Amino acid sequence: MAPGLVRKVLVFAAIDGLVLQPLGSRGQRTIPAAKIAYKDNNIGPVLADGVDSDEAGKSFEAFGVVGLLKVSKFSFLISITRRQQVAQIQGKPIYVVTEVTLTPLASHSEAEASIITTQAAIQRRAAGGHGLGESDTDGDEEEFSAAISEDVDDEGVQPPPADTSSASSGHQRTSSVAEDVMKRKGSYGRFAQKWFSRKGWAVDQRRNLGMAVSESGIGTPDGNESGKVETPGQDVTFSDSDKNNDMSIRDQQASDVAAKLLPKLLRTTKILFGSSQSFFFSYDFDITRSLMNRRPTNDLPLHTQVDPTFFWNRNIIEPFIDAGQTSLVLPLMQGFVGQQSFEMDSDPPKPAIGLDGDVKSSMELVDMSAGRGHLESTEDSDSSRSSGASKSMKSFLLTLISRRSVQRAGLRYLRRGIDEEGFTANTVETEQVLSDSSWAPSNKIYSFVQIRGSVPIFFSQSPYSFKPVPQLQHSDDMNYRAFVKHFTRLSELYGNVQIASLVEKHGNEAIVGESYEMYLSRYNAAKRNEDSPVGFEWFDFHVVCRGMRFENVSSLFEEIGKTLDEFGDTVQVDGKLLRKQTGVLRTNCMDCLDRTNVTQSACGRRALELQLKSEGIDMSLQADQTTQWFNTLWADNGDSISKQYASTAAMKGDFTRNRKRDFQGALKDMGISISRFYSGIVNDYFSQAAIDFLLGNVSSVVFEEFESNLMSGDPAVSMPKLREQAIEMCQKMCVPDEHEELVGGWTLLTPQTPDTVRSSPFEESVLLLTDVGLYSCRFDWNLEKVSSFERVDLQHISSIRYGTYITSTLSAAQADEQRNVGIVVTYSAGADDITRVNSRSLSNIRTRNEAGSLGGTSLVSQPSSALEKLIGRPAAPVTRVLALKALSTRSAVAAGNETQTSEIEQVKAICSEIERMILHGQVVEVGTERKSIVENGDIISLSEARKSTGLLEQLGHSLKKLVWA
């Protein structure tokens, strides 16, 4: 498909840039080298005489380029230094990335120093003589050669793993919760590692930054426990090249927040693309498309053929695409690829007849008490059957490919539900392929596809609970619009859709399940005359399989089996499709992990039985009914998807792997729950920010936001668009007089407690300005409803002050005097000023007690008493304040479309508009000068904010930063 895609590339540092010299295979034309300039990272070809042999001596071989990591003023080349073959499809090898290296592009000296240490690490690993399970598939590729070779053999295609009844050591290992925490503390993050360390918290600054301090090799790829896969957020020890990268960063004395967090970003990137073992690739086969959607073979570059939904390094490899270096553009897919060979008997042994006349299965023992003669005849019979069986045995390959979508990608509680474009969290397409062991074109290839994905509505869950209550978000209309986009896209890709929702029908999960069912009913009703309705089966997994009877999941197929049979599968012979799958099963639970994996494996087994039956093989008559090869493949798939979404192996894996469920497995699941809980509240926030940044969903501003609140936002909905809608809604709900003209609307931060300046926390509200009034509207952003609003007559405003408004000094961004600015409007509450609260409908607040329910005092004048009216003494006016703080104009999601208006310019413009409308309504005598009511002055200065920030608050933030960042 892409003859120019290089298998190996030599990386070395020239004076003016980093050189990537492709190493061609036999019969492959020579591909010119490329150079990445140090200063501007411009990528271009290398002149024929532009390579110095001395420079090429200090080099290392890479198996492909992942891309360029650019953050702040730093850039790094990410390249693959270790890989492992996991499958072969139609003679094409499929690899998993097991290690990457990051080479700095700041200068020649730094690049060369990093290359030398990477070279030494590769040489040490080659001298160590790792087995096939930890090294590359070709032993020659482990050996480092400093000489540039123009004629390099590509690796041979490795056979698939042999059928085995035992899983890898990593999957067989069982332990108690205490053992998991104490002995495997590294997998619980840097906080737990320090907590259980003998040195405790008495560590130097390097350890505080999470960098390596030990030379023992523990936690390195050479010292890893067999079968252990690291995930983002785990602590690992790095090679000398990584230490060199960290030193170069510190020498730069970077001033911005992104640079301060760069060491953690580099570690996360190295784990994500390398030691997590979750990224797969092929040099000459498109693994991103299933058989039903595969494109015809052509000579176009591979990156133009792959499905962009599963092209994970598209953003960081873009500079090579733009530079025309297509031979270096290697698409990576996150998910799982596994393959198992197995044999089936097309003529299995017939059932035996016992001495009692009963029919016995081939697995049952026959009573031999009748005498020796019968025993001898039986042995002769077994011998002849064995000889015949070897001729009737057929070899097959079962290949499992899971593809994780780049859309709404991320980690468990930080990516839930749907976004406004109709993409759901943890969307995975899983394809099960059955073929003969040789992939002979004349033999049939069977493909069965199913998908998983979060419930397609807007909802969130807090990570600070083992079983958090789902919180529904946004309006019905917004949910339904996204819902329609989601199923329209699924119909275009797969045809008909059958849903299997495994959430509970009672309890917390029912909130989501009922909404799912409601929106689907509305969708099917609207599409009644257009397409086939989307099938919906609400299968309460926990109820049906209560008591660890997971085999009861087979009852689901009594309801949807007929539909799945109608969908069928895809069959190919001689490169042509005999039939194509016409629909897909969409399975979900809350996480789309544990329950979903059990259900999908059962569905895959059902499809396999039908496919083998069409080949004349009945699985139920086979002598070996354990099918460990199938169980292992699906259990490994479940563990991989779970680690990528929840940072742990899948629960209920013992049943998927062994078809047995016991209390030891339940205890192991408890340990997994604890690990997931810890990762959710400690590791996942930064990892999520890193994933969004690497995918190009956000700019480097995301690290500034993380540094401020130690969290990462969810760009599921366009906030500028949502704010515009909120302003329109507030105008309709809060401005009753149609003759009242709207002058402007803005979204600002305001203290949660009214009539205060220093109160915390702040919430985002809507400010409306009309020709006669000022409206401060508190908006429920989850439900998209006005919760309350306060109206102030413009003529009651006595002064407006704008200036520095610092509410916290815990981070550099929060203490920036230029960006933390706000407005304080002082007014005398009068009879025309109102406050209304939305309980079921907006109602006036008339008493001070009712106003107190909002967390503050009444913002309106109270009715005059009868005595005051009688003696004509007016009530003393009550002075109130309305505090507003500007939102940051820098948004991580904006990604190049940031507004040019600064925060201070924004508040000045708002003050000017308010003053203009106030003066417009005043009558001034001729010759009288209008006095401005706007003044510039600090609202809360930096020094005042520092004084009000307590020691306990500072210690709490420092501890959180130590753990989170």
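## A tour starting at R408

Select R408 first: this residue sits in the loop that links β13 (393–404) and β14 (428–436). Keep in mind as you click around that you're looking at a predicted model. What is the phi of R408, positive or negative? R408 has a positive phi of about 55°, although it isn't a glycine. For background, most residues other than glycine have a negative phi. Is R408 buried or exposed? R408 has a relative accessibility of 9%, and because the cut-off for buried is under 20%, R408 counts as buried.

Now jump to C592, in the loop between β22 (583–588) and α17 (594–614). C592 isn't a glycine either, yet its phi is positive, at about 60°. C592 is buried too, with a relative accessible area of 1%.

**Zoom out**

Show the whole chain as a cartoon. You should be able to trace 28 helices and 32 strands. The protein has 965 residues, and 53% of them count as buried. Take the contacts with a separation of 6 or more: 71% of these come from residues 24 or more positions apart.

**The sheet at the start of the chain**

Go to β1 (residues 8–13) and β2 (residues 17–23), which run antiparallel and are joined by six bridges. Zoom in on A13 and you'll find L18 of β2 opposite A13. Widen the selection to the open sheet of five strands, with antiparallel pairing, and read its order as β4-β3-β2-β1-β5. Which strands are at the edges? They are β4 (43–45) and β5 (59–62), each pairing on one side only. Tilt the view and look along the sheet: on average, neighbouring strands are turned by 25° against each other, direction ignored.

Next, add helix α2 (residues 108–128) to the selection. Helix α2 lies across β1, β2 and β5, and runs at about 65° to β5.

**Two helices that cross**

Select α10 (residues 262–275) together with α21 (residues 684–695). They pack at an angle of about 75°, and their axes are 10 Å apart. Angles of 65 to 115 degrees count as roughly perpendicular, which is why α10 and α21 are described as roughly perpendicular to each other. Which residues make the contact? From α10, show K264, L265, T268, T269, L272 and F273; from α21, show F686, S687, A690, I691, F693 and L694. Colour this contact by residue type and you get eight nonpolar, three polar and one charged.

**A strand with two partners**

Head for β27 (residues 797–804). Strand β27 pairs with β28 (residues 821–829) in the antiparallel sense, over seven bridges. Strand β27 also pairs with β32 (residues 934–936), here in the parallel sense and over three bridges. Pick R801 to see both pairings from one spot: R801 stands opposite V824 in β28, and R801 also stands opposite E935 in β32.

**Last stop: the cysteines**

Light up the cysteine sulfurs. How many disulfides does a search of the whole structure find? The answer is zero. Try C730, which is in no disulfide: its nearest cysteine sulfur belongs to C777 and is 4.2 Å away. A disulfide needs the two sulfurs within 2.5 Å. C730 counts as buried, at 0% relative accessibility. Finish at C545, another buried residue, with a relative accessible area of 3%.

Conventions: Residues are numbered from 1 along each chain as its sequence is written. This is a predicted model: local features need pLDDT of at least 70, side-chain atom pairs count only at pLDDT 80 or more; totals for chains, interfaces and linings use all residues. Side-chain values use heavy atoms; hydrogens and water are left out. Buried means under 20% relative accessible area, exposed over 50%, partly exposed in between (1.4 Å probe, protein chains only). Two strands pair if DSSP finds at least two bridges between them. Helices (H or I, at least four residues) and strands (E, at least two) are DSSP runs, numbered from the N terminus. Axes are lines fitted to C-alpha atoms, for helices over the stretch in contact, and angles run from 0 to 180 degrees between N-to-C directions. Contact means heavy atoms within 4.5 Å. Angles under 35 degrees count as roughly parallel, over 145 as roughly antiparallel, 65 to 115 as roughly perpendicular and the rest as oblique. Ala, Val, Leu, Ile, Met, Phe, Trp, Tyr, Cys and Pro count as nonpolar, Asp, Glu, Lys and Arg as charged, and the others, Gly among them, as polar.
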